[in-house]
Amino acid sequence: MSAGAHKQHERRPEVGAAYDAVIVGAGFAGMYMLHRLRGLGLTARVYEAGHGVGGTWYWNRYPGARCDVESMQYSFSFSEELDQQWDWSEKYAPQPEILAYANHIADRFDLRQHITFDTRVIAASFDETAKCWRIETDRGDEIAAKFCIMAIGCLSAPNHPHFKGREDFRGSTYHTGEWPHEGVDFTGLRVGVIGTGSSAIQSIPVIAQQALGLTVFQRTATYSVPAWNEKLTPEYRNAVKADYPALRAKARGRPTGFYFPFNMKPALEASAEERERQYEAAWQRGGLPFLGAFGDLLFEKAANDTIAEFARNKIRGIVRDPATAELLCPDNVFGCKRLCVDTGYFETYNLPHVRLVDVSKTPIERFTADGIEVDGSEYPLDAIVCATGFAAMTGSFDRIRITGRNGLTLAEKWRAGPRAYLGVGSAGFPNLFTITGPGSPSVLASMIQAIEQHVDWMADCMAHMRDIGAATIEPIQTYEDEWIEHVNEVSKISLRSTCSSWYVGANIAGRPRVFMPYIGGFPIYVQKCNEVMSNGFEGFVIEGANAGNEAPLVRLTERWRVPLDMDVISPAALAARRVPVV
Ligand code: FAD
Ligand code: NAP
């Protein structure tokens, strides 16, 4: 059965019910929000478009899918018991194991009874008289909730570029983000993969093992660092678990929200030999921490050139055919687009049945009945895999008609780019919370940590509103504007803002170019959120309270009050706003 194509069970729509909160999405964000709200004694209904929990890990079942933040950190940190009891099998767990973990969360915290699956929220409107959100779904549900919480994911709206003749192709077409649940057997087939981002780089080596022939259509060459994935031994797991809280705390103090050794020395202050040694050592450790080889790599183009050339030389050393190797060598800023982490990606091009087609100058012209046509040549194919990514950050918002005060829709408000205060809410949309929303660290941090911090802060906010009997909370326009200005300003300091990536919406035609996540570093952002809360939700207007708004109880936010890791976030780096991220 295809992704999302589960037979929907007949059910009567829920009409007229009222909850404290409606949560849209049952990935890690939606599930953790539900858990927290239940803990506070608040009622909630979750709607999930998929047939099960897990979000990203429910939908992205393509061969080779796995996380690229180490599993012992890419996992929830809110339950010490859970941390102690769950055993990850590999350094980077494969998708089925992460999905099993998501299901374990749902069962362990008794969440399923509050989740309605196979149901997509299509509209959410703020009722100014009743001061509640009215929610409509594609299954006819119509419910009301005081709070509307968007847990709809930053990378959850697949990007289907328009290819001429798509319907003419007689073979099967797949998208990595909507992979069939029963899997795909490529044995004996000629397969085409469009794209060379993280999803392609993970799936290409695995598809190549099965396929009769594999043709990769590359528009932009990609930097990728080896994962050196391995099985975790009980000794290793036990060593981490012996002081798990310390690791979690160290991770929270890091710009990335996960921990790894970071060398803050600027590359430009090292000799050529020292740089080579350092890059080689970091390459041998592998993964995203490669970008932590020096402190200035994403700030100084000349420094970045040195790591870029090192990575290109690695490609030249792996790929035997010089012309293919050159085609695979990126010429843009290293780490500007999201860095990829692979297992045998470049090596795959040494296989006789794998070829690379450059579509950078002559784009894919059309799908034909028998394959793909580029620059007048037809490449015969039996199956096409679109590893073409997502309408990132705001794509899932675009699919819901969200209407705030005075009939203003979020789509209208965000036409020139998303506008949200701290990424948690947007002026004109009272009681609407956006987990890992644009303007927050989100995709630039280990996302489960980013999710937990947002949820804890939002849950404390909702509990505080209950404590003081408040009806609504809403960002104040001037604070929102200042925050966005800050988000933009900080982004310009990083080389990351200079290329056409999904961070700036450049992968989708017609989108405004805005650097959407907050690149100032996770702990600095967390400090700002904590400060806002301590100051009685500074920058928000709270209406209808029958008690004072001073000193909210920081029930959950407390665990995010960690000292900044000064090895990485030095006062000088802070002053210059050059806080390194990966
Ligand atoms: P999601 O997991 O995207 O869940 C959102 C859910 O909302 C989905 O299930 C969707 O069906 C549902 N939804 C959306 N709109 C509606 C609607 N209108 N009505 C009802 N339901 C709706 N991050 C990392 O930090 N480390 C990694 O290693 C990593 N690996 C990744 C690998 C892949 C292949 C991808 C695509 C992303 C990866 N990410 C990684 C990012 C990943 O998205 C997050 O880590 C995290 O899983 C996001 O959880 P979420 O709950 O916020 O969103
Ligand atoms: P992506 O990084 O956006 O890559 C999409 C690829 O498709 C790019 O190579 C893009 O080329 C290409 N493409 C898009 N439209 C095309 C067209 N019309 N013609 C030819 N090529 C086209 O998407 P993704 O690989 O799914 O990854 C998205 C994000 O999800 C990642 O950056 C990461 O954050 C997360 N992710 C993580 C992992 C992991 O390792 N844990 C795995 C998968 C995804 P251009 O570059 O030229 O646009």
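This text leads through a predicted model, taking its disulfide, its two ligands and some of its salt bridges in turn.

The covalent cross-link is a convenient place to start. When the whole structure is searched, one disulfide is found, and this disulfide joins C336 to C499, with an S to S distance of 2.3 Å. The torsion about the S-S bond is -115 degrees, which makes the link of C336 and C499 left-handed. C336 sits in the loop between α10 (322-328) and β11 (340-342), while C499 sits in the loop between α15 (477-493) and α16 (522-534), so the disulfide ties together parts of the chain that are 163 residues apart in sequence. Both ends of this link are withdrawn from the surface: C336 is buried, with a relative accessible area of 0%, and C499 also counts as buried, at 9% relative accessibility.

Other cysteines can be set beside this pair. C329 is in no disulfide, and the cysteine sulfur nearest to its own, that of C340, is 15 Å away; C329 nevertheless counts as buried, at 10% relative accessibility. For C461, the closest cysteine sulfur is that of C529, and the 11 Å between the two sulfurs is too far for a bond, given that a disulfide is taken here as a pair of cysteine sulfur atoms within 2.5 Å. C461 is buried as well, with 0% relative accessibility.

The next stop is ligand 1. Around ligand 1 there are 32 residues, of which E48, T56, D68, Y74 and M447 come nearest. One of the polar approaches is made by a side chain: a polar side-chain atom of E48 lies 2.7 Å from an oxygen atom of ligand 1. The backbone takes part too, since a polar backbone atom of A49 is 3.1 Å from a nitrogen atom of ligand 1, and a backbone N or O atom of V121 lies 2.9 Å from a nitrogen atom of ligand 1. On its own, ligand 1 has 980 Å² of accessible area, and the protein covers 95% of it. Two or more residues of the shell are given by each of the elements α1 (28-39), α2 (56-59) and α14 (447-468), and α2 supplies the largest share, three residues. Sorted by class, the shell around ligand 1 holds 19 nonpolar, 10 polar and three charged residues.

Ligand 2 can be read in the same manner. It is surrounded by 23 residues, the closest being T196, S199, R219, T220 and K337. Among the polar contacts, an N or O atom in the side chain of S199 is 2.6 Å from an oxygen atom of ligand 2, a polar side-chain atom of W502 lies 3.0 Å from an oxygen atom of ligand 2, and a backbone N or O atom of R66 lies 2.9 Å from a nitrogen atom of ligand 2. Taken alone, ligand 2 exposes 910 Å², of which the protein buries 87%. The largest share of its shell, three residues, comes from helix α5 (residues 198-210), and the shell as a whole divides into nine nonpolar, nine polar and five charged residues.

Charge pairing within the protein comes last. Side chains of opposite charge can pair when their charged atoms come close. With a nitrogen-to-oxygen limit of 4 Å, the count comes to 33 salt bridges. In one of them, E14 pairs with R45, the closest N and O atoms being 3.6 Å apart; E14 lies in the segment before β1 (15-24) and R45 in strand β2 (residues 44-47), so that distant parts of the chain, 31 residues apart, are linked. Here E14 is partly exposed, with a relative accessible area of 22%, whereas R45 is buried, at 13%. Another bridge joins E309 to R316, with the closest N and O atoms 3.2 Å apart, and in this case E309 counts as partly exposed at 32% relative accessibility, as does R316 at 31%.

A further bridge forms between R559 and E452, whose closest N and O atoms are 2.7 Å apart. Because R559 lies in the loop between β20 (540-543) and α17 (571-575) and E452 in helix α14, the pair ties together parts that are 107 residues apart in sequence. R559 counts as partly exposed, at 22% relative accessibility, but E452 is buried, with a relative accessible area of 0%. Salt bridges that share partners join R36, E452, D456 and R559 into one network.

Definitions and conventions:
Residues numbered from 1 in each chain as written. Chains lettered and ligands numbered in written order. Predicted model: local features only at pLDDT ≥ 70, side-chain atom pairs only at ≥ 80, totals over all residues. Heavy atoms only, no water. Helix = DSSP H or I, 4+ residues; strand = E, 2+ residues; numbered from the N terminus. Buried < 20%, exposed > 50% of the residue type's maximum accessible area, 1.4 Å probe, protein only. Near = heavy atom within 4 Å. Polar contact = N/O pair within 3.5 Å; in protein donor to acceptor, adjacent residues only side chain to side chain. Areas by Shrake-Rupley, 256 points an atom, 1.4 Å probe, with all protein chains shown as cover. Nonpolar A, V, L, I, M, F, W, Y, C, P; charged D, E, K, R; others polar. Salt bridge = Lys/Arg side-chain N within 4 Å of Asp/Glu carboxyl O.
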